[in-house]
Amino acid sequence: MEDHFRHLWEEMNVSREELLGIGTPPDSKTFSMTVLALNTSRKANGVSRKHGEVSRRMWHFLYPNVEEDAVPIIAITNGVHVPTWLSGPMVKLLSKHLKEDWSQVHDNQAIWEKVFDIPDEELWKTHIGLKSRMFRFVRERARRRWMTEQITPNQVVAMGSLLDPHALTLGFARRFATYKRATLIFRDIERLRRILHNPWRPVQLLFAGKAHPADEPGKFLLRQVYELCSSPEFGGHVAFIENYDKEVAHQLVSGVDVWLNNPEPPKEASGTSGQKASLNGVVNCSVLDGWWCEGYNGRNGWVIEGADDESAANSIYNLLETEIVPRFYERDPEDIPVKWVALMKEAIFSTAAPFSSRRMLKEYFEKVYCPTDGSNAQR
Ligand SMILES: *Cc1c(COP(=O)(O)O)cnc(C)c1O
């Protein structure tokens, strides 16, 4: 603060103590950016209902005269830009079955009811097409790097060129911040190995992500995952896509079957990648935190239970063994996983409108930027 803001207290003609005081809680000597922001903003909000609750509890001490419920931090749940994150083939399919101007009014949930009338075969074929496109993308990246850089055969394997395009595929793509627990699923290596290596019902994991350059524990987690990807036990079953960016995110959120999300509750404020996946019929398997507390409806995915790492990992294995794997591989005579497709439809229906940025922006407009209750009147 001294380095970067010294000029400010001179310019504003206030003392150093006065300026820093705006960002210092009572009875404390520690300057906090959050406290500064809360004290200088007219409105404050969390980015999911749960994040609103957690924030009111965390910052209650700044508002000692009100009950926790009345702490002036509201919640506006994040959403994703549907036209950006819905894959092209899904847009095409929806345009055939939804009303003509659906994309102009896509925050109206009623228009999405028609998703349930899409023939299972059409939705499944669209998904399979997207999944194949993702595997081509993965192999093409490996091929190019093999040709242009001196990468090793082990790296080619780790990059996913030996994955099976027909196997149940779980995706995990996000920043490698430690609270997101990227290595949780490897907690019981032997049990995971049995799940992935089942010859009749194989399962594979596709990771992508970046760690912040200064985040040493995050980089350590990333390296651990990467090493497993070319190990004899997991090579060909677990892969890591490097250089996570919007294009990689696009491929993964529309091409995998299940989106795995296991951060340490209550640290995930919202988690928008799960919304991108669900919108494309990729089913979430997630801890109850952030957006999933309001997104999960009992029919559109799974909840990972457990308060500590060990029980959360066991919950993932139990879900995989008893629910996810059997449901994915249960096929009708046409090789369509009818019950899985039902989950996909429910995922699309329950996320597209409520977790669209269109809904979010309207809510910011009504509750924050232009409220009609006069709460923005000049103080
Ligand atoms: C959506 C997205 C994120 C945020 O995802 P979380 O679920 O909040 O971790 C980060 N990076 C990229 C490239 C994304 O597309």
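Which residue stands opposite Leu205 in β4? In this predicted model, the residue facing Leu205 of β4 turns out to be Leu170. That pair belongs to a longer run of contacts, since β3 (residues 168–173) and β4 line up in the parallel sense over six bridges. To get from β3 to β4 the chain goes by way of helix α9 (residues 189–196), and the resulting β-α-β crossover is right-handed.

β4 itself, spanning residues 203–208, is mostly covered, with six of its six residues buried. In a regular strand, side chains take turns pointing to one face of the sheet and then the other. Here neither face is left open: Val203, Leu205 and Phe207 are buried on one side, and Gln204, Leu206 and Ala208 are buried on the other.

On to the pairing with β5 (residues 238–241). β4 and β5 also run parallel, this time over four bridges. Leu205 shows up again here, standing opposite Val238 of β5. Farther along, Ala208 has Ile241 of β5 as its bridge partner. The link between these strands is helix α10 (residues 216–229), and β4, α10 and β5 together form a right-handed β-α-β unit.

Zooming out, these strands sit in an open sheet of six, paired in parallel and ordered β5-β4-β3-β6-β7-β8. β5 and β8 (301–304) are the edge strands, each pairing on one side only. From one strand to the next, the twist averages 20°. Helix α9 packs on this sheet and touches β4 and β5, with its direction making about 115° with that of β4. Helix α10 likewise lies across β4 and β5, and runs at about 125° to β5.

Next, a helix pair. Two packed helices are usually described by the angle between their axes and by how far apart those axes are. For α7 (residues 120–148) and α11 (residues 246–255), the angle is about 140° and the axes are 8 Å apart. The crossing of α7 past α11 is left-handed. On the α7 side, the residues making the contact are His127, Leu130, Lys131, Arg133, Met134, Phe137 and Arg141. α11 brings in Glu247, Val248, Gln251, Leu252, Ser254 and Gly255.

What about a single loop position, Ser270? Ser270 is found in the loop between β6 (258–261) and α12 (273–279). Is Ser270 buried or exposed? Ser270 counts as buried because its relative accessibility is 4%, and the cut-off for buried is under 20%. Setting aside neighbours within four places in sequence, the residues in contact with Ser270 are Val47, Ser48, Asn78, Gln275, Gly290 and Trp291. As for Asn300, 30 residues separate it from Ser270 in sequence, and the C-alpha to C-alpha separation in space is 18 Å.

Finally, the overall layout. The protein is divided into domain 1 (1–40) and domain 2 (82–360). Taken over C-alpha atoms, the centres of domain 1 and domain 2 are separated by 43 Å.

Note on methods. Residues numbered from 1 in each chain as written. Predicted model: local features only at pLDDT ≥ 70, side-chain atom pairs only at ≥ 80, totals over all residues. Heavy atoms only, no water. Buried < 20%, exposed > 50% of the residue type's maximum accessible area, 1.4 Å probe, protein only. Helix = DSSP H or I, 4+ residues; strand = E, 2+ residues; numbered from the N terminus. Pairing = 2+ DSSP bridges. Right-handed = clockwise from strand over helix to strand, strands pointing away. Axes fitted to C-alpha atoms, helices over the stretch in contact; angles between N-to-C directions. Contact = heavy atoms within 4.5 Å. Domains from an automatic or database assignment. Left-handed = near helix turned anticlockwise from the far one by under 90°.
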